[in-house]
Amino acid sequence: MQTTFLFNMAKSSKISFDQFYKAYPRKVGRYAAEKSFKRLAEKEKTLAIEGLSNYIKFWEGNKTEKQFIPHPSTWLNQKRWEDELEDLKEVVESEKENETLQKIEQSEGAEEHEVKEALASFFKKRRKWNQN
(Lines give C-alpha, C1' and ligand atoms only; values in the text may rest on other atoms or scores of the structure.)
Protein backbone atom coordinates (compact mmCIF):
# COMPACT_ATOMS: atom_id res chain seq x y z
CA MET A 1 0.00 0.00 0.00
CA GLN A 2 1.02 3.64 -0.17
CA THR A 3 2.34 3.73 3.40
CA THR A 4 4.94 1.04 2.62
CA PHE A 5 6.05 3.08 -0.39
CA LEU A 6 6.51 6.13 1.84
CA PHE A 7 8.55 4.16 4.36
CA ASN A 8 10.96 3.05 1.64
CA MET A 9 11.29 6.59 0.31
CA ALA A 10 12.32 7.86 3.74
CA LYS A 11 15.31 5.51 3.68
CA SER A 12 16.60 6.89 0.40
CA SER A 13 19.41 9.42 0.54
CA LYS A 14 17.44 12.27 -0.99
CA ILE A 15 13.71 12.83 -1.04
CA SER A 16 12.23 14.77 -3.93
CA PHE A 17 9.19 17.00 -3.92
CA ASP A 18 7.62 14.82 -6.63
CA GLN A 19 7.78 11.81 -4.31
CA PHE A 20 6.13 13.81 -1.53
CA TYR A 21 3.44 15.29 -3.77
CA LYS A 22 2.65 11.96 -5.39
CA ALA A 23 2.00 10.47 -1.94
CA TYR A 24 0.02 13.44 -0.58
CA PRO A 25 -3.71 12.76 -0.92
CA ARG A 26 -4.87 16.31 -1.71
CA LYS A 27 -3.55 17.68 -4.98
CA VAL A 28 -3.89 21.47 -4.66
CA GLY A 29 -1.44 24.36 -4.54
CA ARG A 30 1.47 22.46 -6.06
CA TYR A 31 3.65 25.56 -6.58
CA ALA A 32 3.22 26.77 -2.97
CA ALA A 33 3.81 23.25 -1.66
CA GLU A 34 7.01 22.92 -3.70
CA LYS A 35 8.33 26.23 -2.32
CA SER A 36 7.57 25.04 1.22
CA PHE A 37 9.21 21.68 0.59
CA LYS A 38 12.40 23.25 -0.79
CA ARG A 39 12.79 25.33 2.40
CA LEU A 40 12.98 22.18 4.53
CA ALA A 41 16.31 20.67 5.57
CA GLU A 42 16.94 17.09 4.41
CA LYS A 43 16.25 15.74 7.91
CA GLU A 44 12.92 17.61 7.98
CA LYS A 45 12.02 16.17 4.57
CA THR A 46 12.64 12.67 5.94
CA LEU A 47 10.56 13.41 9.04
CA ALA A 48 7.81 14.88 6.87
CA ILE A 49 7.63 11.74 4.70
CA GLU A 50 7.55 9.50 7.79
CA GLY A 51 4.89 11.73 9.36
CA LEU A 52 2.87 11.75 6.14
CA SER A 53 2.78 7.98 6.29
CA ASN A 54 1.15 8.19 9.74
CA TYR A 55 -1.23 10.92 8.60
CA ILE A 56 -2.36 8.88 5.61
CA LYS A 57 -3.17 5.97 7.93
CA PHE A 58 -5.02 8.39 10.21
CA TRP A 59 -6.99 10.02 7.38
CA GLU A 60 -7.89 6.64 5.90
CA GLY A 61 -8.84 5.19 9.30
CA ASN A 62 -10.91 8.25 10.09
CA LYS A 63 -12.44 8.33 6.58
CA THR A 64 -11.48 11.99 6.31
CA GLU A 65 -12.99 13.74 3.30
CA LYS A 66 -10.44 15.46 1.05
CA GLN A 67 -11.88 18.89 1.83
CA PHE A 68 -10.77 18.41 5.46
CA ILE A 69 -7.22 17.38 4.58
CA PRO A 70 -4.98 20.46 4.70
CA HIS A 71 -3.34 21.77 1.56
CA PRO A 72 0.14 20.28 1.24
CA SER A 73 1.81 23.68 1.68
CA THR A 74 -0.13 24.24 4.92
CA TRP A 75 0.83 20.79 6.16
CA LEU A 76 4.50 21.48 5.41
CA ASN A 77 4.61 25.08 6.70
CA GLN A 78 2.99 24.10 9.99
CA LYS A 79 5.24 21.03 10.36
CA ARG A 80 2.15 18.95 10.94
CA TRP A 81 4.21 15.75 11.06
CA GLU A 82 5.17 16.88 14.58
CA ASP A 83 1.51 16.85 15.72
CA GLU A 84 0.25 14.11 18.00
CA LEU A 85 -2.32 12.05 16.19
CA GLU A 86 -5.32 10.55 17.89
CA ASP A 87 -4.81 6.80 18.24
CA LEU A 88 -6.51 5.00 15.36
CA LYS A 89 -8.16 2.66 17.85
CA GLU A 90 -9.88 5.67 19.43
CA VAL A 91 -11.10 6.78 16.00
CA VAL A 92 -12.70 3.38 15.38
CA GLU A 93 -14.24 3.39 18.86
CA SER A 94 -15.63 6.88 18.25
CA GLU A 95 -17.27 5.69 15.03
CA LYS A 96 -18.94 2.83 16.93
CA GLU A 97 -20.10 5.28 19.61
CA ASN A 98 -21.52 7.64 17.00
CA GLU A 99 -23.36 4.80 15.26
CA THR A 100 -24.85 3.70 18.58
CA LEU A 101 -25.90 7.23 19.49
CA GLN A 102 -27.45 7.68 16.04
CA LYS A 103 -29.44 4.48 16.53
CA ILE A 104 -30.71 5.84 19.83
CA GLU A 105 -31.64 9.19 18.26
CA GLN A 106 -33.41 7.47 15.37
CA SER A 107 -35.16 5.11 17.78
CA GLU A 108 -33.79 2.10 15.97
CA GLY A 109 -33.27 0.45 19.32
CA ALA A 110 -29.60 0.02 20.03
CA GLU A 111 -28.68 -3.00 22.12
CA GLU A 112 -28.28 -2.31 25.86
CA HIS A 113 -24.62 -3.36 25.86
CA GLU A 114 -23.92 -0.99 22.93
CA VAL A 115 -25.41 1.92 24.88
CA LYS A 116 -23.39 1.04 27.99
CA GLU A 117 -20.15 0.76 25.99
CA ALA A 118 -20.75 4.06 24.21
CA LEU A 119 -21.54 5.89 27.44
CA ALA A 120 -18.58 4.35 29.28
CA SER A 121 -16.24 5.39 26.48
CA PHE A 122 -17.71 8.89 26.41
CA PHE A 123 -17.22 9.40 30.14
CA LYS A 124 -13.69 7.98 29.94
CA LYS A 125 -12.83 10.53 27.24
CA ARG A 126 -14.53 13.29 29.23
CA ARG A 127 -12.32 12.51 32.24
CA LYS A 128 -9.29 12.55 29.96
CA TRP A 129 -10.29 15.97 28.56
CA ASN A 130 -10.86 17.37 32.05
CA GLN A 131 -7.37 16.25 33.11
CA ASN A 132 -5.85 18.32 30.31
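Here is a walk through the chain, from its overall layout to a few residues worth a look.

Keep in mind that this is a predicted model. The chain has seven helices and zero strands, so if you read the elements off from the N terminus, you get α-α-α-α-α-α-α. Of its 132 residues, 30% count as buried. The accessible surface adds up to about 9200 Å², and carbon and sulfur atoms own 50% of that area. What about the contacts? Take those with a separation of 6 or more: 71% of them join residues 24 or more positions apart.

Let's zoom in on helix H3, which covers residues 30-39. Ser36 sits in this helix, and its relative accessibility is 4%. Buried means under 20%, so Ser36 counts as buried. Which residues does Ser36 touch, once you skip anything up to four places away in sequence? The list is Ser73, Leu76 and Asn77. Helix H5 spans 72-77, so you can look for those partners there.

Helix H3 also takes part in a salt bridge, and the structure holds five of these. Asp18 pairs with Arg30, and the closest N and O atoms are 2.5 Å apart. This pair links distant parts of the chain, with Asp18 in helix H2 (residues 17-23) and Arg30 in helix H3, twelve residues apart. Are the two ends buried or partly exposed? Asp18 is partly exposed, with a relative accessible area of 47%, and Arg30 counts as partly exposed too, at 36%.

Next comes helix H4, which runs over 42-62. Here Glu42 and Lys45 meet through their side chains in a salt bridge, at 3.3 Å from N to O. Because the two are three residues apart in helix H4, about one helical turn separates them. Their surroundings are worth checking as well: Glu42 counts as partly exposed at 34% relative accessibility, whereas Lys45 is buried, with a relative accessible area of 9%.

Another salt bridge reaches out of this helix. Glu44 pairs with Lys79, and their closest N and O atoms are 2.6 Å apart. Glu44 lies in helix H4 and Lys79 in the loop between H5 and H6, so this pair ties together parts that are 35 residues apart in sequence.

Lys79 deserves a second look for its backbone. Most residues other than glycine have a negative phi. Lys79 is not a glycine, yet its phi is positive, at about 50 degrees. The loop that holds Lys79 runs between H5 and helix H6 (88-105). With a relative accessible area of 30%, Lys79 is partly exposed. One loop residue, then, brings together a salt bridge to Glu44 and a positive phi.

Where else can you find a positive phi in a residue other than glycine? Try Lys63, whose phi is near 55 degrees. Lys63 belongs to the loop between helix H4 and helix H5. How open is its position, buried or exposed? Lys63 is exposed, because its relative accessible area of 64% is over 50%.

To pull the threads together: Ser36 is a buried residue of the chain, Asp18 and Arg30 join helix H2 to helix H3, and Glu44 in helix H4 connects with Lys79 in the loop between H5 and H6.

Technical notes: Residues numbered from 1 in each chain as written. Predicted model: local features only at pLDDT ≥ 70, side-chain atom pairs only at ≥ 80, totals over all residues. Heavy atoms only, no water. Helix = DSSP H or I, 4+ residues; strand = E, 2+ residues; numbered from the N terminus. Buried < 20%, exposed > 50% of the residue type's maximum accessible area, 1.4 Å probe, protein only. Contact = heavy atoms within 4.5 Å. Areas by Shrake-Rupley, 256 points an atom, 1.4 Å probe, with all protein chains shown as cover. Salt bridge = Lys/Arg side-chain N within 4 Å of Asp/Glu carboxyl O.
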